[in-house]
Amino acid sequence: MTGQAHAGRPNQLLRNLHSKIASIPMILTAVVIFLGGTLWTVFYSFTNSKLLPRMSFVGLDQYERLWAAPRWLMSIQNLAIYGFFSLIFSLVIGFVLAALMDQKIRFENTFRTIFLYPFALSFIVTGLVWQWVLNPEFGVQSVVRSLGWSSFTFDPLYNQSIVIYGILIAALWQGTGLVMCLMLAGLRGIDEDIWKASRVDGIPMWKTYLFIIIPMMRAVFITTLVIIASGIVRVYDLVVAQTSGGPGIASEVPAKYVYDYMFLAQNLGQGFAASTMMLITVAIIIVPWAYLEFGGRKRG
Amino acid sequence: MADTIPLKGQAAHGASRLAPGPQGRKPRPMFSSRNIMIYGALIFAAAYYLLPLYVMIVTSLKGMPEIRLGNIFSPPVEITFEPWVKAWATACTGLNCDGLSRGFWNSVRITIPSTIMSIAIASINGYALANWRFKGADLFFTILIVGAFIPYQVMIYPIVIVLREMGLYGSLTGLIIVHTIFGMPILTLLFRNYFSSLPEELFKAARIDGAGFWTIYFKIMLPMSLPIFVVAMILQITGIWNDFLFGVVFTRPEYYPMTVQLNNIVNSVQGVKEYNVNMAATILTGAVPLIVYFVSGRLFVRGIAAGAVKG
Amino acid sequence: MNNVSVSVRDLSLSFGAVTVLDTLNLDIQNGEFLVLLGASGCGKSTLLNCIAGLLDVTDGQIFIKDRNVTWEEPKDRGIGMVFQSYALYPQMTVERNLSFGLRVAKLPAAEIDKRVARAAEILQIQPLLKRKPSELSGGQRQRVAIGRALVRDVDVFLFDEPLSNLDAKLRSELRVEIKRLHQSLNNTMIYVTHDQIEALTLADRIAVMKSGVIQQLADPMTIYNFPENLFVAGFIGSPSMNFFRGEIKDRGGRKVIEVNGVDFGMEAYPARGPLETGRKVVLGVRPEHVKVDENVPGQEVHDAIVDIEEPMGADNLLWLKHAGQTMSVRIAGARRYAPGTALKISFDMSMASVFDAATENRI
């Protein structure tokens, strides 16, 4: 810059003023709620706040108590099992369904409507329906027994060791339609000529999918993975509706732990510490993804 | 391998003679083994997805004696609508026995203003980000998008405090604000991407014509963007209607939305379980998003895929 | 100074580390038709957008009619603008499109009607006024877009590649119309294009741009015949000017350019300064300034062999092998030469251009 005066150069704060005024809700949400709120919660997780937040620091006490609590350990274990199988099955079922839908079939719209409708339903509705279907007295178990297989046992919601799989079944029913849709969009984005080329080269279809199509859909898989994963960490309503965390504490999840300690047990410090752990879990998923997606290349 | 040989053979034929008759591949017969496998798998999957809906409906149309005797998949012998009436009008949550209708109207009173407010704010945000970017705007937007991945549990308590300070904690207005806040990331992204996809020259032409921020938004952008507003509406109506967590955290029992009330009715420990009433209540709660889903069709797909759209 | 319509002074624009315009200066006269010509990414559209006020400049000033408008809103600059994609508001009729700016400015209805009617008459789009843009052809849309600039009753028209989306036939038709419009209105027009035919046919003056810098600003004939540097020489003209790398030699007091052992005498060349012996140069000659089987007085005659013949009707384009490289020659369409034919050529050095090999500037 030379020392020369810029006649009429306006105050930079006032330029584009309407846009700035219109963005105030966004700025407040981003800075106060998302950034400020998160920092606030992390900050207060180092206090022994009970009914009300207060500034008496206890260092990592809350975290030590958290990781000593059987209920939290059960929550984490459940989240790990649920998360692992939910990811695998969502991706596999979603992709297989999408691949089937991509075979130039008839009634594609009908099938899509059927696969996707559960996604329009809330987790509460999903949980209650599956609670009923899996009810051992009247549901699947009793129906199979009445067909003659009298020793058949399938009562996930009443069996501590497998209750989390009962929740998994409901979650897959609700969510795989979305994965199918994302995968189908990915498949449709692939150049028809790839298929022609692999046909001419004589590559069997399953090999084409495995070695050509899936690697080409890397971006879709990663995006889907992130969507599923961030949903997994949040899982709450489904458990509340289907099992309320039971039997005992067998189907507790971290999100429920946070809610219960914040609003029912009036032990805010525990709630903050647990929610901070959830935040760290998400960061472990998101940060590498964001780095891969946006860190490598700069957008103009 | 087997597939390629006839292809090559055909190409050779096509080159050597120009005979009349059909060219190209033979159409596949409808009942080839390949088709049987594909349709078989799809129909099996469809049955799995439809089963719970079917069970819900038939259960809700049976009387309790029939439910206790029969299995859940059998169609009702004697159709009764009494469970529906009871679910709607007289089912009890705690001491209140006025059915789901209260929750329904609460949800209506929550969903409509929340949808309107969240879309209004997010569309203006998206427009400002797409067309009137100012220094720092991208930073706020990035925080907003990152915030979409932060578990709600992390931010809930600070919001409780803010709302309490404003005197809105427990009120419908407070819940509407919460829905607007948490709808903002995805909707802002949706609108930003949409407005960015509109030709930039249109915006420039309007500026040359002397139109400012609001004139361009209302006179140029809005009329061109009705489809994306419908997509956003679908997204918000279903999302807000289906919400449970915010409803239970931010409202008082008399304002509980339908999902919360449904859960309280079905999972209440008192009294005899009336499965038919429970299922009727469940269908009633799922009805609004289901209707939105079936009516909107492809736009719904576009709405949920919006989450996958990269910024 | 009062004859200057638009004046750009020391204008710089950069996005982060990328400099798009670099201390650019440009004066445009009242009523002048100025074309900004360059390949995509050369900064020509950016410059136009700065003049329009659609981009904030990093440094420098812009004057329109002696008024510093550097920080004024586009609407206050007294400009109208026509875009490549027409940029018609799809939901409005042609009439509403034309009057939108006037309605925003809250002009009285009678005045709006008058101006719209006048613009529609000039552009002969009266029958289209009630239609929506989607019901118009490309040419009609662009006419409406021009009309939108016209109703604003401004001194300066800005065109951003207005014909690039049209097919070749329509493009030449509208080109003529724009020229006619300029002749009848006599407004200042600044016109951005990458098409050299548009530039040569429309412009009073052309500014050839590259990397955010004006390479040459002159009337079309000067640009064509006396390019200021190697870039301008190569950019203008189709087929491109023939270039020969060589060295200035002294042949007994006579200056020549030696190219691969072949001499080209420089007596006829309008040199700007002394031609130092031993200087490395690039000799440029346009295809039509090479004579085939006909002498240019005082000029060497060289042998060449026809490689490829491209008859184009009025002209015939010969690709020759000469002085160790391929060159093109334009001759009358009636004169035909089969490939392999040996022929005699000589260069019209009075119309040639010689550039310093290092600086690439004309000498």
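Here are legends for several close-up views of a predicted model, with a short note on conventions before the views.

Residue numbers start from 1 along each chain as its sequence is written, and chains are lettered from A, with ligands numbered from 1, in the order in which they are written. Since this is a predicted model, local features need pLDDT of at least 70 and side-chain atom pairs count only at pLDDT 80 or more, while totals for chains, interfaces and linings use all residues.

**View 1. Confidence along chain B.** The pLDDT (the predictor's confidence in each residue, from 0 to 100) averages 84 over chain B, and 87% of the residues score at least 70. Among the elements of chain B, helix H5 (residues 101-131) has the highest mean, 94, and helix H1 (residues 4-16) has the lowest, 37. Helices here are DSSP runs of H or I with at least four residues, strands are runs of E with at least two, and both are numbered from the N terminus. Residues 1-24 of chain B stay under 50, and the model gives that stretch six contacts beyond four places in sequence. Two residues are in contact if their C-beta atoms, placed from the backbone, lie within 7 Å. Where pLDDT is low, the predicted coordinates shouldn't be read in detail.

**View 2. The two domains of chain B.** Domain 1 takes in residues 26-80 of chain B and domain 2 takes in 101-308, with bounds that come from an automatic or database domain assignment. Their C-alpha centres are 34 Å apart. Where they touch, eight residues of domain 1 of chain B meet seven of domain 2 of chain B. On the domain 1 side, the elements giving two or more residues are helix H2 (33-60) and helix H3 (64-69) of chain B. H2(B) gives the most, with four residues. By class, that side has four nonpolar, three polar and one charged residues. For the classes, Ala, Val, Leu, Ile, Met, Phe, Trp, Tyr, Cys and Pro count as nonpolar, Asp, Glu, Lys and Arg as charged, and the others, Gly among them, as polar.

**View 3. Where chain A meets chain B.** In this pairing, 75 residues of chain A are in contact with 70 residues of chain B. Helix H2 (residues 24-44) of chain A supplies the largest share of the chain A side, 14 residues. The chain A side splits into 52 nonpolar, 19 polar and four charged residues.

**View 4. The buried side of helix H6 of chain B.** Helix H6 (residues 137-147) of chain B has Phe140(B), Phe141(B), Leu144(B) and Gly147(B) as its buried residues. These sit on the same side of H6(B) because they cover an arc of only 120° around the axis, where the arc is that of the directions from the helix axis to the C-beta atoms. A residue is buried if 20 or more other C-beta atoms lie within 10 Å of its own, exposed if 12 or fewer, and partly exposed in between, with C-beta atoms placed from the backbone. The cover over the buried residues of H6(B) includes H2 of chain A, plus H5 and helix H8 (172-197) of chain B.

**View 5. Annotated spans in chains A and B.** UniProt (unreviewed entry) puts "domain: ABC transmembrane type-1" on residues 76-291 of chain A. That span is 75% helix and 0% strand, and its end C-alpha atoms lie 26 Å apart. The "transmembrane region" spans listed by UniProt (unreviewed entry) for chain A include 21-46 and 272-292; for chain B they include 36-57 and 172-195. UniProt positions follow the numbering used here, feature names are shortened, and annotations may be inferred rather than shown by experiment.

| Span | Helix | Strand | End C-alpha atoms apart |
|---|---|---|---|
| 21-46 of chain A | 88% | 0% | 36 Å |
| 272-292 of chain A | 100% | 0% | 30 Å |
| 36-57 of chain B | 100% | 0% | 30 Å |
| 172-195 of chain B | 100% | 0% | 31 Å |

**View 6. Chain C and its two domains.** Chain C has eight helices and 20 strands, and its C-alpha trace spans about 80 × 45 × 35 Å along the principal axes. Of its 363 residues, 41% are buried. The domain assignment gives domain 1 (4-235) and domain 2 (242-356) of chain C, with centres 39 Å apart over C-alpha atoms. Six residues of domain 1 of chain C are in contact with five of domain 2 of chain C. The domain 1 side has four nonpolar, two polar and no charged residues.
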